[in-house]
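The exercises below concern the ligand site and the enclosed spaces of one protein model. Work through each task with the sequence and the coordinates at hand before reading its solution.

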Amino acid sequence: MNEIILGIDLGTTNSEVAIVEQGQVKVIADGDKKILPSYVGIDDNGEIIVGETARNQFLLYPERTIKSIKRLMGQNTQVELAGQSYSPQEISAIILKRLKAIAEKQLGQTASKAVITVPAYFSDAQRQATHEAGEIAGLDVVRMINEPTAAALAYDANQSEPKHVLVYDLGGGTFDVSVVNIEEGVVEVLSSHGDNHLGGDDFDQQIIEFLIDHLQTTYRVNAREHSKAMARITRAAETAKFVLSEQPYVQINEEYLLEFEGSAIHLSVELSRMEYEEMIEDYINATMDAVHMALKGAKFTSSDIDEIVLVGGSTRTPCIRERLINEFGFEPHSEVDADLCVTMGAAIQAAMINGQQVDTVLVDITPYTYGTGAIGLLNGETYPFTFVPIIHKNSILPNRKTEAFYTSYDGQETVEITIYQGEDPDALNNVKIGEFHVEGLQNVEAGNIITLTLSLDLNGILHVSAEEKATGLEKSITIKNALSSFDSDTLDTAKQKISSLFGKLDSSLYLQNELETPDDAVIPEIEEARLLIIKAESLFEQISNEDKEDMIDIIETISGCINAKDIAGLDEPVEQLNDIIYYLES
Ligand code: AMP
């Protein structure tokens with residue numbers, strides 16, 4: 001094989017590097033981190049720092065930290081870093097050099113060639129500057145490809161049917177939408193539109209303003225005058241945004257945020273997803289306008305689009321997906337991580353140039369949508385069983401999502417929750433996979449909030465829990481084999497049928513060996529728990545000691561239950577371990 005060629009996404013906010021190895025695309029991690037924040041700084045000792053550490057110091061030492069250098073590429077300008085000036089190419093080269101070093105360390109060999117991605121709208125001067133940055137970093141840039149092309153390649157490297165793909169890319173500071181044509185492996189950008197100054201940072205800013213206003217009205221303190229507090233508020237705002245991508249509410253707590261007139265001020269406030277979505281609505285509208293412009297540019301209407309590919313961390317914001325589904329009538333792809341698909345596409349392109357075989361990028365996704373039925377609109381009329389999707393088809397596994405629902409009449413003390421699997425807007429046309437009641441709700445007016453959390457793991461086990469938000473009253477169920485296309489009744493019948501067969505075949509054996517229980521492998525809970533332990537252990541090398549210790553404790557509890565054949569006892573530690581794995585992998 002020829003010398004390895006790296007695939008690099010040199011992003012405004014984050015950068016990544018990937019390769020193709022034995023036909024598989026592999027994003028190269030630095031320790032346990034696949035994403036390198038595109039920050040460059042000088043630390044207290046005058047040393048150059050890149051990535052997470054530079055990002056951490058940005059809020060406190062902006063004068064010796066540089067972010068978003070990509071915005072300046074192609075301009076004849078210099079940036080100051082701790083009293084020294086650098087060209088944008090030089091700063092980008094520092095990021096590229098770091099990525100190169102990460103890759104070389106992992107590969108155990110030098111890597112001097114790369115495919116680097118650039119936005120479709122980049123001018124010649126911007127492309128040239130990117131090329132120069134590569135050269136400064138000691139990389140031979142064998143090709144530069146457009147980011148939407150790379151994203152489409154990550155999905156369609158081996159597809160032969162012609163397709164029109166809309167690539168919606170919303171990162172930290174930029175938004176791009178492109179209409180891409182794929183035909184016989186050739187990917188061509190037909191039109192592109194976007195806004196160079198729109199992204200997740202704007203969303204954070206809205207939450208920051210909300211928190212500053214809250215502190216002003218509650219404590220009459222102007223947080224802007226306290227730089228350390230502002231650094232914490234900024235970090236808390238982004239974290240809150242992440243939580244709101246998964247849950248309908250977030251509680252923002254920052255204790256001892258600042259001292260004001262001799263007393264400590266603690267920040268404690270709740271923000272709902274609904275309030276947050278209102279804050280960012282104008283931005284989302286602007287992206288949808290750009291989508292229409294891009295369609296127009298390609299002389300298309302929405303019905304000409306076959307697939308939607310989401311790129312960029314901000315596309316995890318649920319209302320974006322909803323708006324796109326409303327507009328196009330189908331689910332966007334989300335099999336490939338939105339942060340990683342550009343670098344993966346770059347690696348695929350690199351492998352193609354190198355004459356390497358590339359297999360389709362495979363990840364675990366759910367082939368069905370899971371949700372519940374609620375009063376809503378169906379065909380323009382109020383209908384009590386409107387399907388409300390919670391975990392969408394094609395989402396990456398494991399997956400956990402929470403939605404809020406409301407009681408429908410005053411004094412409602414019970415809610416009945418039914419879980420369905422399917423795609424039909426009428427829940428009754430989908431497959432019912434479980435139901436339960438939550439009783440003893442407080443006696444209040446209609447509108448009492450019940451949050452419903454669905455958590456689907458790699459083994460197809462769906463945990464469902466419903467909680468009365470005001471009191472924390474909770475009820476949950478576990479649905480095994482949720483990934484199966486059987487409904488649970490059919491599945492139970494099939495299970496009984498098969499186990500009765502085994503019963504007949506094996507009963508004589510069991511009678512002879514009364515003290516011996518059947519092999520664990522036939523107890524699905526134990527098999528699942530074992531698989532989970534193997535999965536957890538496979539993460540050990542990439543995680544912190546603290547996480548590892550937590551996991552080892554839980555694994556010991558699970559092993560104890562496996563040895564004691566305590567199936568009921570497995571529920572809690574298995575859920576805890578699943579949660580940790582989910583957190584580590586997301
Ligand atoms: P990118 O430039 O593609 O790396 O995207 C970075 C942006 O995505 C930042 O503004 C992040 O705050 C945002 N982001 C990352 N994860 C999430 C999430 N789960 N929900 C909402 N925004 C996110």
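**Exercise 1.** Which residues line the second largest cavity?

*Solution.* The model is a predicted one, in which local features need pLDDT of at least 70 and side-chain atom pairs count only at pLDDT 80 or more, while totals for chains, interfaces and linings use all residues. Residues are numbered from 1 along each chain as its sequence is written, and side-chain values use heavy atoms, with hydrogens and water left out.

Begin with the term: on a 1 Å grid over the protein atoms alone, a cavity is a set of points where a 1.4 Å probe fits but cannot get out, and its lining residues have an atom within 4 Å of a point. Applied to the second largest cavity, this gives Pro398, Asn399, Arg400, Ser455, Leu456, Asp457, His463, Glu575, Asn578, Asp579 and Tyr582. Next, assign these residues to elements: β20 (399–406), β23 (449–456) and α13 each give two or more, and α13 gives the most, with 4 residues. Helices (H or I, at least four residues) and strands (E, at least two) are DSSP runs numbered from the N terminus. Finally, domain 1 (370–478) and domain 2 (518–585) each supply at least three residues to this lining, the domain bounds coming from an automatic or database domain assignment.

**Exercise 2.** Determine where the largest cavity lies and what lines it.

*Solution.* The largest cavity holds about 100 Å³ of space, where a volume is the space filled by probe spheres set on the grid points, which are joined across faces, edges and corners. Its lining consists of Ile461, His463, Thr478, Lys480, Glu525, Glu528, Ala529, Ile567, Leu570, Asp571 and Val574. Two or more of these residues come from each of α11 (524–538) and α13 (567–585), and α13 contributes the most, with 4 residues. Because domain 1 (370–478) and domain 2 (518–585) both give residues to the lining, the largest cavity lies between them.

**Exercise 3.** Describe the surroundings of the ligand, from individual contacts to overall cover.

*Solution.* Start with nearness, for which a residue must have a heavy atom within 4 Å of the molecule: of the 15 residues around the ligand, Asn14, Glu238, Lys241, Ser245 and Gly313 come nearest. Then turn to atom pairs, a polar contact with the ligand being a pair of N or O atoms within 3.5 Å. A polar side-chain atom of threonine 13 lies 3.2 Å from an oxygen atom of the ligand, glycine 172 places a backbone N or O atom 3.2 Å from a ligand oxygen atom, and a polar side-chain atom of serine 245 lies 2.6 Å from a nitrogen atom of the ligand. In terms of area, the protein covers 87% of the 500 Å² that is accessible on the ligand on its own, as computed by the Shrake-Rupley method with a 1.4 Å probe. Last, look at the elements: α5 (200–219) and α6 (227–246) each give two or more residues to the shell, and the largest share, 4 residues, comes from α6.

Notes. A polar contact is a pair of N or O atoms within 3.5 Å; within protein, one must be able to donate a hydrogen and the other to accept it, and residues adjacent in sequence count only if both atoms are side-chain atoms. On a 1 Å grid over the protein atoms alone, a cavity is a set of points where a 1.4 Å probe fits but cannot get out, and a pocket is an open set with protein on both sides within 12 Å along at least five of seven lines; lining residues have an atom within 4 Å of a point.
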